[in-house]
Amino acid sequence: MSTPHNNAGTEQIADTVIMPGDPLRAKFIAETYLTSPVLFNDVRGMYGYTGQYNGNYVSVMGSGMGMPSMGIYSYELFHFYNVQNIIRIGSAGSYCKELNLLDIVLVTKAYSESSYAFVQNGYDKDIAFPSELLNNKLREAAKVSGKKLMEGMIHSTDVFYREGSKDYYRKLYEQGCLAVEMESFALFHNAAVCKKQAACLLTISDSFVSEENTTPKQRQTSFTDMIEIALKAAVG
């Protein structure tokens, strides 16, 4: 079957999907890491591929930016394509001096002021949780690879350019948020609604407490530690 946003057949998508926000990062992952990748979607330029990693089928697809976009693509994968697991791999801005450029965060819960979950099905809490099963697989994959993870709560925001006080991030850090991104809350909510599994790894691409930043090219192609952890967990 197909949807308005995905022209794949149900048999073309693996049980586990690695999901970066950037469709060009999905293309990079497929061409760099997967054996014989096949393009299953190019609607609106949101590339999706299926191939083999260590002899196991895995898919990779972009989600776009923000919760509405993640909400569409992850719901369709879970609900219409019977995907069982989605591992988001994304970039994030650090809220604390303990997280430096290119450090990797394993998300243990996502806080958001967004109305996404309430509008979607009436969920009125501001925290959404990942799958502990998938998080354990990611922990094990990182351990085997000798790569360090920092774990904690992140902030999923609807607003990239925020007007007003620059102290806003400090208040969120004081509430326990280590970093900020824009998709995990919607992904975790959709997984709970569809009774599926979701997790998120984030690489720090910039900081609210220093002048560090990565370039668009770095964000597209250099988050290799995070990518490799996710792929190992996907087939583990």
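Begin with the whole chain in view and its contacts in mind: among the contacts with a separation of 6 or more, 76% join residues that are 24 or more positions apart. The model on the screen is a predicted one, and the tour moves from the overall form of the chain to a few chosen residues.

With the whole chain still selected, turn it along its principal axes, where the C-alpha trace spans about 50 × 40 × 30 Å. The radius of gyration is 17 Å, which agrees with the value near 18 Å that a compact globule of 236 residues would have. Colouring by secondary structure brings out 8 helices and 10 strands. If you then colour by burial, 53% of the 236 residues are buried, while the surface that the chain exposes comes to about 10,900 Å², with carbon and sulfur atoms supplying 51% of that area. Showing the charged side chains adds 21 positive and 25 negative ones, and the centres of these two sets lie 2 Å apart.

Next select helix α6, residues 184–194, which is mostly covered, since 9 of its 11 residues are buried. Among those buried residues are Phe185, Leu187, Phe188 and His189, together with Cys194. Step just past the end of α6 to Lys195, which lies in the loop between α6 and β10 (197–207). What is notable about the backbone of Lys195? Its phi is positive, at about 60°, although Lys195 is not a glycine. Most residues other than glycine have a negative phi. Lys195 is exposed, with a relative accessible area of 71%, whereas Cys194 is buried, at 15%.

A second residue of this kind is Leu102, in the loop between β5 (85–94) and β6 (104–111). Leu102 is not a glycine either, and it has a positive phi of about 75°. At 42% relative accessibility, Leu102 counts as partly exposed.

Now display the cysteines. How many disulfides are found in the whole structure? The search finds 0. Cys177 is in no disulfide, and the nearest cysteine sulfur, which belongs to Cys96, is 10 Å away. Cys177 is also buried, with a relative accessible area of 0%. For Cys194 the closest cysteine sulfur is that of Cys200, and the 18 Å between them is too far for a bond.

Move on to Arg139, which lies in helix α4 (residues 132–145). Is Arg139 buried or partly exposed? It counts as partly exposed, because its relative accessibility is 23%. Leaving aside residues up to four places away in sequence, Arg139 touches Leu106, Thr108, Glu132, Leu149 and Glu151. For a sense of distance, draw a line from the C-alpha atom of Arg139 to that of Phe208, which is 69 residues apart from it along the chain; the two atoms are separated by 26 Å.

The last stop is Tyr47, in the loop between β2 (35–41) and β3 (48–53). With a relative accessibility of 25%, Tyr47 counts as partly exposed. Its contacts, again not counting residues up to four places away in sequence, include Pro23, Leu24, Ala26 and Lys27, as well as Leu39 and Asn41, and also Val60, Met61 and Gly62. Finally, measure across from Tyr47 to Glu98 in the viewer: these residues are 51 apart in sequence, and their C-alpha atoms are 34 Å apart in space.

Methods:
Residues numbered from 1 in each chain as written. Predicted model: local features only at pLDDT ≥ 70, side-chain atom pairs only at ≥ 80, totals over all residues. Heavy atoms only, no water. Disulfide = S-S within 2.5 Å. Buried < 20%, exposed > 50% of the residue type's maximum accessible area, 1.4 Å probe, protein only. Helix = DSSP H or I, 4+ residues; strand = E, 2+ residues; numbered from the N terminus. Rg over C-alpha atoms; globule rule 2.2 N^0.38 Å. Contact = heavy atoms within 4.5 Å. Areas by Shrake-Rupley, 256 points an atom, 1.4 Å probe, with all protein chains shown as cover. Lys, Arg positive; Asp, Glu negative; His and termini not counted. Charge placed at Lys NZ, Arg CZ, Asp CG, Glu CD.
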